[in-house]
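Here's a quick tour of the charged side chains in this protein, pair by pair. Have the viewer open while you read.

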Amino acid sequence: MKKIGLFYGTSTTKTAAIAKKVKAAFGEDKIDIIPVEDAWTKDFESYNNIIIGVSTWFDGELPTYWDEVKPELESLKMKGKKIAIFGLGDQVKYPENFVDGIGILAETFEAIGATLVGLTSTEGYTFEHSRAVRDGKFTGLAIDFENQHSKTDKRVKEWVEQLKTEFD
């Protein structure tokens, strides 16, 4: 498998914790971590396999760092690249837009030619609506750090095993 680029906002503690779990599950030498705040177009384009980490803020919004880089993403050349997204949300306090950040970035990357991998089941979650759900599945790995922390490690490990078969 080719080297993987993992992009996430390093200022968000919980997203950083999940990124570290993903990197450890793959093996430290398989993943390069690139803070999205410092990423350039060439950083995204230099990987064929990319993992994106995003949290959902407020009423279904992207965090500032992703919101600021999103216009630049729209000019990337991503045809033939595989993108997997993990996202954090709170299904109790924000059930009407649980992990919307995953869905927003999934739409963005697909629009520029990337192929989404790492879709996961919505089973075991309770929420009203999410932009991250398509055909009954999340368009990435949904993590509810606040309410289902005890399920996080298992979900991350299973997702990484899935990605090992879906990435090149």
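Let's start with lysine 164, which makes a salt bridge to glutamate 161, with the closest N and O atoms 3.2 Å apart. Keep in mind that this is a predicted model. Both lysine 164 and glutamate 161 sit in helix α5, three residues apart, or about one turn of the helix. As for solvent, lysine 164 is partly exposed, at 31% relative accessible area, and glutamate 161 is also in the partly exposed class, at 45%.

How many salt bridges does the structure hold? The count is eleven. One of them joins the side chains of aspartate 153 and lysine 21, at 2.6 Å from N to O. This pair ties together distant parts of the chain: aspartate 153 belongs to helix α5 (residues 149–166) and lysine 21 to helix α1 (residues 13–26), with their positions 132 residues apart. Aspartate 153 is partly exposed, at 40% relative accessibility, and lysine 21 is partly exposed at 30%.

Then there's the bridge between lysine 42 and aspartate 43, whose side chains meet at 3.7 Å, N to O. Is aspartate 43 buried or exposed? Aspartate 43 counts as buried because its relative accessibility is 17%, under the 20% cut-off. Lysine 42, on the other hand, is exposed, with a relative accessible area of 56%.

Here are the three pairs side by side:

| Salt bridge | N to O distance |
|---|---|
| Lysine 164 – glutamate 161 | 3.2 Å |
| Aspartate 153 – lysine 21 | 2.6 Å |
| Lysine 42 – aspartate 43 | 3.7 Å |

Now for some acidic residues on the surface. Which residues gather in a patch of negative charge there? They are Asp59, Glu61, Asp67, Glu68, Glu96 and Glu128. Take glutamate 128 from that group: you'll find it in the loop between β6 (120–121) and β7 (133–134). Glutamate 128 is classed as exposed because its relative accessible area is 62%, and the class takes in values over 50%.

Last, the annotation. UniPro​t lists residues 4–164 as "domain: Flavodoxin-like", in an unreviewed entry. In the model, that span is 35% helix and 22% strand, and its end C-alpha atoms lie 11 Å apart. Lysine 164, where we came in, bridges to glutamate 161 and is the last residue of the listed range 4–164.

Definitions and conventions:
Residues numbered from 1 in each chain as written. Predicted model: local features only at pLDDT ≥ 70, side-chain atom pairs only at ≥ 80, totals over all residues. Heavy atoms only, no water. Patch = residues over 30% accessible without salt bridge, like charges linked within 9 Å, V, L, I, M, F, W, Y side chains within 5 Å. Areas by Shrake-Rupley, 256 points an atom, 1.4 Å probe, with all protein chains shown as cover. Salt bridge = Lys/Arg side-chain N within 4 Å of Asp/Glu carboxyl O. Lys, Arg positive; Asp, Glu negative; His and termini not counted. Charge placed at Lys NZ, Arg CZ, Asp CG, Glu CD. Helix = DSSP H or I, 4+ residues; strand = E, 2+ residues; numbered from the N terminus. Buried < 20%, exposed > 50% of the residue type's maximum accessible area, 1.4 Å probe, protein only. UniProt positions renumbered as here; feature names shortened; annotations may be inferred.
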